[in-house]
Amino acid sequence: MNGLDVEQVKLAGKPKVEKVIRTDKVIRYPTEARSFQNAIDMCVAGDRIAILPGVYSESAVINVDLEIYREGDKGDVVFVSRHDTTLLVESCKVKLTEIGLCVEEGALMHHALHIDSAEVMLDGCEIFGGLYATFACGDSTLNARQTRFHSAYSFGVSILNSIAHFHDCFIFCNKEDGFNIGGGTSKATFYRSRLSDNKCHGMHVHSGAEVEMDTSEILRNAQSGICISGGDAQFEQRGEGEYKRSFMKIQNSKVKNNEWNAIFVLDASAHIEETDLRKNGRGALTLVCSKSKVQKEIEHRQLPFFDIETYNHEFEETGHVELVGVCPGIREGGQNEFTQPERLPGDWVTYPKERLLELFKSCPMEVQCKLHGHPQGWHPELCKDPQASIKIKAELKNWVQREGGIHAEQEIDCSVADFLKPLGLQ
């Protein structure tokens with residue numbers, strides 16, 4: 001041989017493998033710490049805390065970079081506080097995975113999650129109760145994925161001069177707004193998320209904030225689905241730019257079945273693209289720009305959270321709404337299709353059966369139920385009934401004579417599929 005070491009030749013053909021040694025540690029709670037706060041205090045930046053399933057009556061403060069997650073595949077982890085904020089995160093980065101946070105008592109002062117000048121990621125969490133289920137302020141960042149925010153005494157999520165991103169999230173059943181964001185530096189995005197069944201607006205964008213929403217739903221809120229209002233005069237005074245008006249971009253979404261408007265724009269701007277705005281109690285869209293109209297709207301609607309004195313800056317013709325693509329609920333030219341009480345067309349008695357069926361479907365359920373005695377109102381068999389036209393005309397005529405008009409609960413042009421699905425008939 002030529003002096004080569006056989007072992008060296010063998011090793012030369014193998015890739016060099018570097019061992020990765022984790023310097024962080026995992027603290028298991030409650031087995032390795034006497035309290036959740038004690039577990040946090042034992043950590044340095046980059047450590048992790050694994051929580052065994054259970055309900056823990058504790059509150060805590062985090063000011064070091066951490067990852068906190070549920071250990072195991074079964075059972076929930078829920079931290080419950082009374083008369084205290086459940087989790088306060090200050091000036092650090094924290095990731096929570098499959099963790100529940102709740103304020104059981106003391107909801108008038110405290111939040112389930114309070115983020116102050118920090119960055120928090122939520123993955124598969126449930127945040128509920130408190131004044132706000134989640135409150136972020138002080139240039140914080142919130143990233144939420146597959147997380148639920150609900151049952152707050154006021155807002156489900158409140159963002160003040162901070163940034164938030166929501167992906168596959170659900171904000172529901174809060175006693176005021178589902179989502180409330182304000183401040184000229186505030187921005188938020190929503191993708192494939194839902195805001196529903198809140199007692200005020202589904203979403204309120206105000207004081208110069210910006211929001212983008214794509215492929216999401218805002219449904220069944222007690223006031224407007226979306227309210228966009230005002231601007232941030234302080235933004236100009238701080239030298240960060242001109243007076244900043246609130247703005248929202250909405251695309252490929254549904255804003256439906258809200259008791260007021262789908263979208264209410266008050267001295268603000270909106271870009272609405274390919275979004276369904278039908279079936280809202282006061283129509284699809286209202287744009288208010290003049291101070292006198294604002295005062296009138298506030299008095300008429302008894303709008304919460306508005307101070308007329310803040311709307312003095314260049315008030316005439318400051319609002320703007322841009323419509324792009326097909327937005328059901330808004331006709332060409334921006335005219336609303338209202339679901340307010342509608343008069344029957346004067347020539348309705350001459351309509352063919354198919355047109356009468358469409359008109360009949362727009363009637364209140366009590367009218368529909370009288371036909372054939374069907375408990376769910378209109379049904380497919382009606383199309384096969386040769387007497388359908390006569391029966392519908394008679395029922396509509398009686399209704400008009402008795403009530404003087406028809407209170408449409410569905411739009412006259414709604415599709416058969418849209419009408420049947422809520423009834424479980426398709």
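This is a short talk on the sheets, salt bridges, cores and one buried threonine of a predicted model.

Some ground rules come before the structure. Residues are numbered from 1 along each chain as its sequence is written, and side-chain values use heavy atoms, with hydrogens and water left out. Because the model is predicted, local features need pLDDT of at least 70 and side-chain atom pairs count only at pLDDT 80 or more, while totals for chains, interfaces and linings use all residues.

Let me start with the sheets. Strands here are DSSP runs of E with at least two residues, helices are runs of H or I with at least four residues, and both are numbered from the N terminus. Two strands pair if DSSP finds at least two bridges between them. As background, strands of a sheet pair through backbone hydrogen bonds, either parallel or antiparallel.

One open sheet has twelve strands, in the order 1-2-5-8-11-14-17-20-23-28-31-33, and its pairing is parallel. At its edges stand strand 1, residues 26-29, and strand 33, residues 320-324. Each of these two has a single partner strand, so one side of each is left without a neighbour in the sheet. On average, neighbouring strands of this sheet are turned by 10° against each other, direction ignored. For that angle, axes are lines fitted to C-alpha atoms, for helices over the stretch in contact, and angles run from 0 to 180 degrees between N-to-C directions. Next to the edge, strand 31, residues 269-273, runs parallel to strand 33, and five bridges join the two. As one example, S269 has H320 in strand 33 as its bridge partner.

Another open sheet is made of nine strands, again paired in parallel, in the order 3-6-9-12-15-18-21-24-29. Here the edge strands are strand 3 (54-56) and strand 29 (254-256); each has a single partner strand, so one side of each lacks a neighbour in the sheet. The average turn between neighbouring strands of this sheet is 10°, direction ignored. Within it, strand 18 (residues 170-172) and strand 21 (residues 194-196) run parallel and are joined by three bridges. F172 stands opposite S196 of strand 21.

Now the charged pairs. How many salt bridges does a search of the whole structure find? It finds eleven. The term means a side-chain nitrogen of Lys or Arg within 4 Å of a carboxyl oxygen of Asp or Glu. I will also say how accessible the residues are: buried means under 20% relative accessible area, exposed over 50%, and partly exposed in between, using a 1.4 Å probe and protein chains only.

Take E71 and R28, whose closest N and O atoms are 2.8 Å apart. E71 sits in the loop between strand 5 (66-70) and strand 6 (77-82), and R28 in strand 1, so to speak a link between distant parts of the chain, 43 residues apart. E71 is partly exposed at 22%, and R28 is partly exposed at 33%.Next come E98 and R70, which meet in a salt bridge at 3.0 Å, N to O. E98 is in the loop between strand 8 (93-97) and strand 9 (100-105), R70 is in strand 5, and the two are 28 residues apart. E98 is partly exposed at 35%, whereas R70 is buried at 16%.

D123 and R145 form a salt bridge too, with the closest N and O atoms 2.8 Å apart. D123 belongs to strand 11 (residues 119-123) and R145 to strand 14 (residues 141-145), so the pair ties together parts that are 22 residues apart in sequence. D123 is buried, at 18%, and R145 is partly exposed, at 38%. Salt bridges with shared partners also join K256, D276 and R278 into one network.

On to the cores. A nonpolar core is a set of buried Ala, Val, Leu, Ile, Met, Phe, Trp, Tyr and Cys residues joined through side-chain atoms within 4.5 Å. Which residues have the most contacts inside the largest nonpolar core? They are F179 and M203, in a core of 73 residues. Helix 2 (residues 36-41) supplies the largest share of this core, three residues. Contact means heavy atoms within 4.5 Å. Neighbours within four places in sequence aside, F179 has contacts that include V157, F166, L195 and M203. Another core lies apart, with five residues, among them L131, Y132, F135 and C137.

Last, T85, in the loop between strand 6 and strand 7 (87-90). Is T85 buried or exposed? T85 is buried, with a relative accessible area of 14%. A polar atom of its side chain lies 3.4 Å from the backbone nitrogen of H111. Leaving out neighbours within four places in sequence, T85 is in contact with S59, H110, H111 and H114.

How values were computed
Polar contact = N/O pair within 3.5 Å; in protein donor to acceptor, adjacent residues only side chain to side chain.
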